[in-house]
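Trainee: I would like a close look at the salt bridges of this model. Please take them one at a time and place each in its surroundings.

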Amino acid sequence: NAGKLTYIDTKYVVHVKSLETEEEQQYLTSSYINISTDSLQGGKKYLVWVQAANALGMEESKQLQIHLDDIVIPSAAVISRAETINATVPKTIIYWDSQTTIEKVSCEMRYKATTNQTWNFPRSHQKHSNMTHGILG
(Lines give C-alpha, C1' and ligand atoms only; values in the text may rest on other atoms or scores of the structure.)
Protein backbone atom coordinates (compact mmCIF):
# COMPACT_ATOMS: atom_id res chain seq x y z
CA ASN A 1 0.00 0.00 0.00
CA ALA A 2 1.65 3.24 -1.15
CA GLY A 3 -0.45 5.44 1.13
CA LYS A 4 -1.38 9.02 0.32
CA LEU A 5 0.88 11.53 -1.38
CA THR A 6 2.18 13.80 1.42
CA TYR A 7 4.17 16.40 -0.53
CA ILE A 8 6.82 15.99 2.17
CA ASP A 9 10.41 15.49 1.07
CA THR A 10 11.11 11.78 1.43
CA LYS A 11 14.49 10.08 1.16
CA TYR A 12 14.88 6.42 0.37
CA VAL A 13 17.75 4.10 1.18
CA VAL A 14 17.93 0.95 -0.92
CA HIS A 15 19.72 -1.84 0.98
CA VAL A 16 21.41 -4.64 -0.98
CA LYS A 17 22.88 -7.44 1.15
CA SER A 18 24.80 -10.39 -0.24
CA LEU A 19 23.55 -13.72 1.08
CA GLU A 20 26.94 -15.21 0.26
CA THR A 21 29.31 -12.68 1.91
CA GLU A 22 26.92 -10.80 4.27
CA GLU A 23 28.28 -7.54 2.77
CA GLU A 24 25.65 -4.80 2.65
CA GLN A 25 25.58 -1.79 0.35
CA GLN A 26 23.26 1.21 0.70
CA TYR A 27 22.07 3.54 -2.05
CA LEU A 28 20.44 6.89 -1.22
CA THR A 29 17.76 8.08 -3.66
CA SER A 30 14.70 10.29 -3.84
CA SER A 31 12.64 8.22 -6.28
CA TYR A 32 14.39 5.29 -8.01
CA ILE A 33 17.87 3.93 -8.64
CA ASN A 34 19.65 1.79 -11.22
CA ILE A 35 22.22 -0.48 -9.61
CA SER A 36 24.90 -1.85 -11.91
CA THR A 37 25.75 -5.51 -11.39
CA ASP A 38 29.40 -4.44 -11.64
CA SER A 39 29.01 -2.86 -8.20
CA LEU A 40 27.70 -6.13 -6.73
CA GLN A 41 30.78 -8.19 -5.93
CA GLY A 42 29.23 -10.47 -3.31
CA GLY A 43 28.05 -13.31 -5.53
CA LYS A 44 24.64 -13.77 -7.14
CA LYS A 45 22.17 -14.06 -4.23
CA TYR A 46 20.97 -10.91 -2.45
CA LEU A 47 18.37 -9.50 -0.11
CA VAL A 48 16.96 -6.13 -1.18
CA TRP A 49 14.77 -3.76 0.85
CA VAL A 50 13.97 -0.06 1.05
CA GLN A 51 13.78 2.35 3.98
CA ALA A 52 11.75 5.54 3.51
CA ALA A 53 12.21 8.49 5.87
CA ASN A 54 10.61 11.93 6.10
CA ALA A 55 9.37 14.37 8.76
CA LEU A 56 6.59 11.91 9.70
CA GLY A 57 8.94 9.05 10.50
CA MET A 58 10.55 6.02 8.89
CA GLU A 59 9.19 2.82 7.33
CA GLU A 60 10.93 -0.23 5.93
CA SER A 61 9.74 -2.54 3.14
CA LYS A 62 9.68 -6.31 3.29
CA GLN A 63 12.92 -7.93 2.19
CA LEU A 64 13.01 -9.46 -1.29
CA GLN A 65 15.42 -12.28 -2.08
CA ILE A 66 16.83 -12.12 -5.61
CA HIS A 67 19.24 -14.10 -7.77
CA LEU A 68 21.07 -12.00 -10.37
CA ASP A 69 20.71 -14.62 -13.10
CA ASP A 70 16.92 -14.32 -12.77
CA ILE A 71 16.76 -10.54 -13.25
CA VAL A 72 19.76 -9.46 -15.33
CA ILE A 73 19.49 -9.07 -19.10
CA PRO A 74 22.72 -10.37 -20.66
CA SER A 75 24.78 -8.24 -23.01
CA ALA A 76 24.23 -8.89 -26.70
CA ALA A 77 26.76 -11.08 -28.49
CA VAL A 78 29.18 -9.30 -30.83
CA ILE A 79 29.62 -10.64 -34.36
CA SER A 80 33.35 -11.11 -34.94
CA ARG A 81 33.32 -12.30 -38.57
CA ALA A 82 31.30 -13.91 -41.35
CA GLU A 83 32.57 -16.53 -43.78
CA THR A 84 30.82 -17.67 -46.97
CA ILE A 85 31.50 -21.11 -48.38
CA ASN A 86 30.66 -21.43 -52.08
CA ALA A 87 29.84 -25.14 -52.22
CA THR A 88 26.99 -26.91 -54.05
CA VAL A 89 24.76 -25.36 -51.46
CA PRO A 90 26.31 -22.01 -50.43
CA LYS A 91 26.58 -21.44 -46.71
CA THR A 92 27.48 -18.45 -44.59
CA ILE A 93 29.02 -19.05 -41.18
CA ILE A 94 28.62 -16.27 -38.62
CA TYR A 95 31.04 -16.17 -35.66
CA TRP A 96 30.38 -14.21 -32.50
CA ASP A 97 31.80 -13.56 -29.06
CA SER A 98 29.70 -13.75 -25.93
CA GLN A 99 29.89 -10.61 -23.77
CA THR A 100 28.34 -12.14 -20.64
CA THR A 101 29.50 -14.32 -17.77
CA ILE A 102 25.94 -15.28 -16.86
CA GLU A 103 25.45 -19.04 -16.86
CA LYS A 104 22.78 -20.89 -18.86
CA VAL A 105 22.42 -18.20 -21.55
CA SER A 106 21.34 -19.28 -25.00
CA CYS A 107 21.98 -17.46 -28.23
CA GLU A 108 19.44 -17.17 -31.04
CA MET A 109 20.33 -16.18 -34.59
CA ARG A 110 18.06 -14.68 -37.23
CA TYR A 111 18.61 -12.79 -40.47
CA LYS A 112 16.81 -10.75 -43.11
CA ALA A 113 17.58 -9.31 -46.52
CA THR A 114 17.98 -5.54 -46.60
CA THR A 115 15.08 -5.42 -49.08
CA ASN A 116 12.78 -7.49 -46.87
CA GLN A 117 11.16 -6.75 -43.50
CA THR A 118 10.73 -10.43 -42.57
CA TRP A 119 13.18 -12.01 -40.16
CA ASN A 120 14.18 -15.61 -40.90
CA PHE A 121 15.67 -18.34 -38.77
CA PRO A 122 18.31 -20.64 -40.30
CA ARG A 123 17.02 -24.07 -41.33
CA SER A 124 19.41 -25.73 -38.90
CA HIS A 125 18.36 -23.22 -36.25
CA GLN A 126 18.71 -24.33 -32.65
CA LYS A 127 19.27 -22.47 -29.42
CA HIS A 128 22.64 -23.30 -27.92
CA SER A 129 24.51 -22.43 -24.78
CA ASN A 130 28.13 -21.41 -25.24
CA MET A 131 27.65 -21.35 -29.03
CA THR A 132 30.19 -19.28 -30.95
CA HIS A 133 28.94 -19.67 -34.51
CA GLY A 134 25.89 -20.46 -36.61
CA ILE A 135 25.27 -21.41 -40.21
CA LEU A 136 22.94 -19.66 -42.63
CA GLY A 137 22.09 -21.90 -45.54
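**The salt bridges and their setting**

Mentor: Let us begin with the pair formed by aspartate 69 and lysine 44, whose side chains meet in a salt bridge with an N to O distance of 3.0 Å. Aspartate 69 belongs to helix α1 (residues 68–71), while lysine 44 sits in the loop between β2 (24–29) and β3 (45–54), so the contact ties together parts that are 25 residues apart in sequence. Aspartate 69 is partly exposed, at 25% relative accessibility. Lysine 44 is likewise partly exposed, with a value of 26%. The model is a predicted one, and side-chain atom pairs count in it only at pLDDT 80 or more. The general principle at work is that side chains of opposite charge can pair when their charged atoms come close.

A search of the whole structure yields three salt bridges. Another of them joins the side chains of lysine 17 and glutamate 22, at 3.3 Å from N to O. Lysine 17 has a relative accessible area of 24% and is therefore partly exposed. The surroundings of this pair are a hairpin. Strand β1 covers residues 11–18 and pairs with β2 in the antiparallel sense, over six bridges. Within that pairing, histidine 15 has glutamine 26 of β2 as its bridge partner. Five residues lie between the two strands of the hairpin, and glutamate 22 adopts a positive phi there, near 70 degrees. Glutamate 22 thus appears in two roles: its side chain meets that of lysine 17 in the salt bridge, and its backbone has the positive phi in the hairpin of β1 and β2.

The remaining salt bridge brings together the side chains of arginine 81 and glutamate 83, with 2.9 Å from N to O. Arginine 81 has a relative accessibility of 44%, which means that it counts as partly exposed. Glutamate 83, at 28%, is also classed as partly exposed. Arginine 81 has a further neighbour, since it lies over the face of tyrosine 95, at 3.9 Å from the ring centre. As for rings facing other rings, the structure holds zero aromatic pairs.

Strand β7, which spans residues 91–97, contains aspartate 97. Aspartate 97 is partly exposed, at 42% relative accessibility. Leaving aside residues up to four places away in sequence, aspartate 97 touches Ala77, Val78 and Ser80. Isoleucine 79 is 18 residues from aspartate 97 in sequence, and their C-alpha atoms are 6.4 Å apart in space.

The wider setting of these pairs is a protein chain with one helix and ten strands. From the N terminus on, the order of its elements is β-β-β-β-β-α-β-β-β-β-β. The chain has 137 residues, of which 19% are buried. Its exposed area is about 10,600 Å², with carbon and sulfur atoms supplying 50%. Of the contacts between residues at least 6 apart in sequence, 42% join residues at least 24 apart. The bridge of aspartate 69 and lysine 44 ties parts 25 residues apart.

Key:
Residues numbered from 1 in each chain as written. Heavy atoms only, no water. Salt bridge = Lys/Arg side-chain N within 4 Å of Asp/Glu carboxyl O. Buried < 20%, exposed > 50% of the residue type's maximum accessible area, 1.4 Å probe, protein only. Helix = DSSP H or I, 4+ residues; strand = E, 2+ residues; numbered from the N terminus. Pairing = 2+ DSSP bridges. Contact = heavy atoms within 4.5 Å. Areas by Shrake-Rupley, 256 points an atom, 1.4 Å probe, with all protein chains shown as cover. Phe/Tyr/Trp six-rings, centres within 6.5 Å; stacked < 30°, edge-to-face > 60°. Lys NZ or Arg CZ within 6 Å of the ring centre and 35° of its normal.
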